[in-house]
Amino acid sequence: MKSRNAFCAALLGAMFFARPVLADYDSHPEIRPENRCGMIPPGIGDPKDPGGVHSLHCQRLFWDLPATTRVGALRVGAPFAEDPIPRFPNGVTDRIPPMYMLDANGDGVSDNGEGYDKPGPGRVRLCSDVDDIPYWEPLLNADGSGKVGTDELGNHSVADPSKPQSGPLFKLTCRRGGRTYYGPWQTGTDASVFDRQVPDQAVRFENTGRLNRDVDVRHVTDEQHRVEWNTGTEFYNHFASHHGTCYNAATATCSNPQATQPRGAFQPGGACWDYQKDANGPSDPGGKGRCDAGDPDPSCSGKPSTQAFRNATQLPGRLAVELPGGRGIQGVEDQIWGCNHHVVTQLPPGSYGMTRLANYRLQKGGITADFNYPSWGIKAGQVIGGSVGEMVIQYFTEPANADVKPVNIVFNVIGDVGTTAYPPFTWNYHESLWYPPYDAAVGLMTIHSHHRMVKGMMNLQGGHVPRLNSPDPLCGGMKGGATPTDLYTDWTWEDAPVCEYWRDPDGPVTIRKGQALRTTCFVNNGVTPEAIKHGLVAGSTVEALRSLGAPIPQQPAAVPASTWGDLLAGSPVGEQFLYGTHPTNNYRVRYACGPAPGVSAPIPLSGGKGCDPNAHVDGDGEYVDGPYQNTAQCGANGWCNPSTIVFACVGEDEMCIGVAMYWALPRLGNPDTNDEALENLQNLDVNNVGTPGSAIQTDIVNGGICHDCKPGL
């Protein structure tokens, strides 16, 4: 018992009294915890909340994790007990490997254990090759599965802090590519604001030197084809980021890999100089662009985000998306993405191990505005405060002559926009269909949704071939006796699984032209035990739930919800339809401001102005939903009302967007792939044979390039 108590004391010391992490806060010292959070008072939300930098209301940034400064170092990609809640889901690998370390004596070892993203006195690159960047390489077994083990850090398991931390293993290694930065910016401290979005920043992956070396030194391409293959990305994000989404104008004159520009086009005075100038930072020799990735002005506009989807994230820490083996997307010189970033000002209970609300509006310090933000009520010279938004993006590449084939991307927004409108105290589902332009292989699927989603699913219309040898039931795998009901299943809106079918023994999913990929989400807007108890849920809905086996009392108002709510949440009805894996209060009704009781006007795409749920409780101490006056958030005489959920870019509303990567199957009659198709046919591998022609005639298909789309069969 003595050793156990000693361990617990050491653990608490590590959690609350660890020395502050300095780098890479040296790039932006204004967002260090002591500068952002020093004014947070103790006791908010919990008498034991210490306030200041150790408060739950002090947003955790991935810079708070320890840096890894040795190429070849092994690390566990899993949460660890010493990491305070909210815990980063991938442990120390949720901090991006630093570009530089301090090595003033030149012995190849970091002098201080810190990592830096900018050069400075005594700092050296972790990767010696100028064309490489450091990244977390997953270690794989011979069968392609991830290796699991421990590392030398000595961290401990979240499930049992007396045992070592164990999980997927990653190695810090170097890889061809580039790194770019988005932010940091802040959301402000307005109590009535729940979400902020900065749109259309121009993000540039600078690669002129690398392409010059490809042409002049490596001779892997020529001046007429100044391109390289993008074969994967990594996004690194802080807690409170709802999503970041990036697009590329793949057919624009200066961004079209099928018609590349000459070497001088992106230099001052060149044909593409004005096109790429938007991404210039304030220190750029060519002058600051109108909306670069470090510009926190919410009203600026860079590259339009209406072109080809490239990638997105909604996770804290690292989201690595490796394009299916041997596949990629061609990119030109100084590739520019138009990225938007949506950040919330608070995180709800149930997120990343939290049991209470984290309110990041209490962060009064941080970035100072260098110009007026009229729509935010912030003037130049004022400290903005609030949640920090920042993304660091890694862009991995292969040279133009590499054995890489094209991949296309589905980002099915349009199909979901018109199907999303759910009144208060209702349970609903919405779905959208996507049709491939030709017989295709789908190598990856995921869903982007918001926090009132209970369950998300993706399936082929008409059924699909069982995945008998694949291990993950969330990705349709049946190995080990699982009986999945869906090809793709998502129970966790905040950490949606990414199914990489191309890595599985069963391989990519075959989808034929004319066959749809269906994306479906169950959504709960206020059907909770408390709402049922107080008669806010329609009687017909309650009876329907009872008929499905929900343990709802015949007289709910006469029985405290606490006595039967957990039974409901744990019943098949609760687990499958109403609450999934989240606590019931996650599905409390959406509230929005309005001019009168019961009247609110949510606006698609921007959402209605949100407000806090009704704080009133009944005699049992259980909340009572309903309209109430809220002048602090809704203005004089303003009302805060239970509201309809709509499709909107705010976390209080909803989306159910299917994302997939696909490519054409080898096609009979196609000069480029006919031989491969015939060989597959002779081997009775009909799942890898495409029929002639295409279903549509276009160059751009849902954000992907269709090189040979023709009217088809």
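Select Asn 630 and its surroundings: setting aside residues up to four places away in sequence, Asn 630 touches Cys 611, Asp 612, Gly 635, Gly 638, Trp 639 and Cys 640, where contact means heavy atoms within 4.5 Å. The structure is a predicted model, in which local features need pLDDT of at least 70 and side-chain atom pairs count only at pLDDT 80 or more, while totals for chains, interfaces and linings use all residues. Residues are numbered from 1 along each chain as its sequence is written, and side-chain values use heavy atoms, with hydrogens and water left out.

Asn 630 is placed in the loop between strand E29 (628-629) and helix H10 (631-634); helices (H or I, at least four residues) and strands (E, at least two) are DSSP runs, numbered from the N terminus. Asn 630 counts as buried because its relative accessibility is 8%; buried means under 20% relative accessible area, exposed over 50%, and partly exposed in between (1.4 Å probe, protein chains only). Add Tyr 628 to the selection: its side chain makes a polar contact with that of Asn 630 at 3.2 Å. A polar contact is a pair of N or O atoms within 3.5 Å; within protein, one must be able to donate a hydrogen and the other to accept it, and residues adjacent in sequence count only if both atoms are side-chain atoms. From C-alpha to C-alpha, Asn 630 and Asp 612 are 8.7 Å apart, with their positions 18 residues apart in sequence.

Next, select Ser 470, in the loop between E23 and E24. Ser 470 counts as buried because its relative accessibility is 1%. Beyond four places in sequence, Ser 470 touches Gly 477, Met 478, Lys 479, Asp 504, Pro 505 and Asp 506.

Keep Asp 504 and add Arg 467: the two form a salt bridge, with the closest N and O atoms 3.4 Å apart. Arg 467 is in the loop between strand E23 (453-460) and strand E24 (488-490) and Asp 504 in the loop between strand E25 (499-500) and E26, so the pair ties together parts 37 residues apart in sequence. Both Arg 467 and Asp 504 are buried. A salt bridge is a side-chain nitrogen of Lys or Arg within 4 Å of a carboxyl oxygen of Asp or Glu, and a search of the whole structure finds 36 of them.

Another salt bridge joins the side chains of Arg 512 and Asp 439 (3.5 Å, N to O). Arg 512 counts as partly exposed because its relative accessibility is 26%, whereas Asp 439 counts as buried because its value is 2%.

Moving on, select Glu 152 and Arg 75, whose side chains meet in a salt bridge (2.8 Å, N to O). This pair links distant parts of the chain, 77 residues apart: Glu 152 is in the loop between strand E6 (148-149) and strand E7 (167-186), and Arg 75 is in strand E1 (residues 74-76). For a network of salt bridges, select Asp 131, Arg 176, Arg 210, Arg 213, Asp 214, Arg 218 and Glu 228.

Finally, display helix H7 (residues 539-547), whose buried residues are Val 542, Leu 545 and Arg 546. Seen down the axis of H7, these residues fall within an arc of 100°, so they line one face of the helix; the arc is that of the directions from the helix axis to the C-beta atoms. Ser 540 and Ser 547 are exposed on the other side of H7. The cover over the buried residues of H7 includes helix H6 (529-533) and helix H9 (572-578).
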